Amino acid sequence: MVENKENLLYFLDNKPYINMTNACSNTCVFCVRDQKEDVQGAKLWLDKDNTTALDVIEQLNASKDRLFEQNEIVFCGYGEPLIKLDEVVEISKYIKENFPNLKIRINTNGHANAIHKKNVAPILAPLIDSISISLNAQNEKMYNKISNPKIENAYEEVKRFIRACVEEKIKTTASVVVGVPDYPIDAKRCEEIAKSLGADFRAREWIKNGY
Ligand code: SF4
């Protein structure tokens, strides 16, 4: 078997992240994917973008010692991890069995149910500890402006997915990025929406050219 040399597992401030794909069903104005290939020196753009679960597992095992020192691992890379749902499930099962010290979080755009045409929250619930879902805006108009979704009714889909994760008792956080020039986000209203869906809320400041 040929070893996959791409950065499928990377570390930021010593914390581990899994980078599944470049593909995404959004084109957010603040996304760094189209601006540069690396995040803090880790090249995340996948030239082949044909990652298998086994490719990731091999990289996890190659960094065993470092991973045993950590308490959380996050699916978060250049694209939308839940586009590769089957692989995320297989990798999460492996982590649970082999790295019981690691809690598992997924950072997602919240389109998974629309993409896979089924409710994936019950599939994820036994495997992950938390999920962070990009609510991104206070209404559909602003969402479409800031996220440029490639799927229909994306804003409603995101809210439905937040609710679905809450119903499965996954620790769920709805997030927004504030401070992007020309895209005024009403964080207070977004927080109200998050709470009405049963989720926690997090606003993070936009950082030019980075996460
Ligand atoms: S959802 Fe995330 S990966 Fe997708 S375009 Fe937006 S910032 Fe980039």
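Here is a walk through this predicted model, from its central sheet out to its helices, loops and ligand shell.

Let's start with the sheet. Seven strands make up an open sheet, and following them across gives the order β1-β2-β5-β6-β7-β8-β9, with mixed pairing. At the edges stand β1 and β9 (200-205); each has a single partner strand, so one side of each is left without a neighbour in the sheet. From one strand to the next, the twist averages 25°.

Now begin at the β1 edge. Strand β1 (residues 9-12) and strand β2 (residues 15-18) run antiparallel and are joined by four bridges. One pair to look for is Leu 9, whose bridge partner in β2 is Ile 18. The two strands form a hairpin with two residues between them. On its other pairing, β2 meets strand β5 (residues 72-75) in the parallel sense, over two bridges. Ile 18 turns up again here, standing opposite Phe 75 in β5. Further across, strand β6 (residues 103-108) and strand β7 (residues 130-134) run parallel and share four bridges. There, Asn 107 stands opposite Ser 132 in β7.

The residue just ahead of this hairpin deserves a look too. Leu 8 sits in the segment before β1. Is Leu 8 buried or exposed? It has 23 C-beta neighbours inside 10 Å, and since 20 or more are needed to count as buried, Leu 8 is buried. Setting aside neighbours within four places in sequence, Leu 8 is in contact with Ile 18, Asn 19, Thr 51, Asp 55, Val 56 and Gln 59. By contrast, Glu 140 is 132 residues away from Leu 8 in sequence and 33 Å away in space, C-alpha to C-alpha.

Next come the helices that lie across the sheet. Helix α3 (residues 85-98) lies across β2, β5 and β6, and runs at about 160° to β6. Towards the other edge, α8 lies across β8 and β9, at about 150° to β9.

Helix α6 (residues 140-147) shows how burial can be arranged along a helix: Tyr 143, Ile 146 and Ser 147 are its buried residues. Seen down the axis of α6, they fall within an arc of 80°, so they line one face of the helix. The cover over these buried residues includes α7 (154-167). Just after α6 comes Asn 148, with a positive phi of about 45°.

That brings us to backbone angles. Most residues other than glycine have a negative phi. Asp 13, in the loop between β1 and β2, has a positive phi near 50°. Asp 182 is another non-glycine residue with a positive phi, of about 75°, and it lies in the loop between β8 (171-178) and α8 (187-196). How many C-beta neighbours does Asp 182 have inside 10 Å? There are 7, and because 12 or fewer counts as exposed, Asp 182 is exposed. Asp 13 is exposed as well, with 5 other C-beta atoms within 10 Å.

Finally, turn to the ligand. Around it you will find Cys 24, Asn 26, Thr 27, Cys 28, Cys 31, Arg 33, Gly 79, Glu 80, Asn 109 and Ser 134. Sorted by class, this shell has three nonpolar, five polar and two charged residues.

Definitions and conventions. Residues are numbered from 1 along each chain as its sequence is written. This is a predicted model: local features need pLDDT of at least 70, side-chain atom pairs count only at pLDDT 80 or more; totals for chains, interfaces and linings use all residues. Two strands pair if DSSP finds at least two bridges between them. Two residues are in contact if their C-beta atoms, placed from the backbone, lie within 7 Å. A residue is near a molecule or strand if its C-beta atom, placed from the backbone, lies within 6 Å of it. Ala, Val, Leu, Ile, Met, Phe, Trp, Tyr, Cys and Pro count as nonpolar, Asp, Glu, Lys and Arg as charged, and the others, Gly among them, as polar. The arc is that of the directions from the helix axis to the C-beta atoms. Axes are lines fitted to C-alpha atoms, for helices over the stretch in contact, and angles run from 0 to 180 degrees between N-to-C directions.
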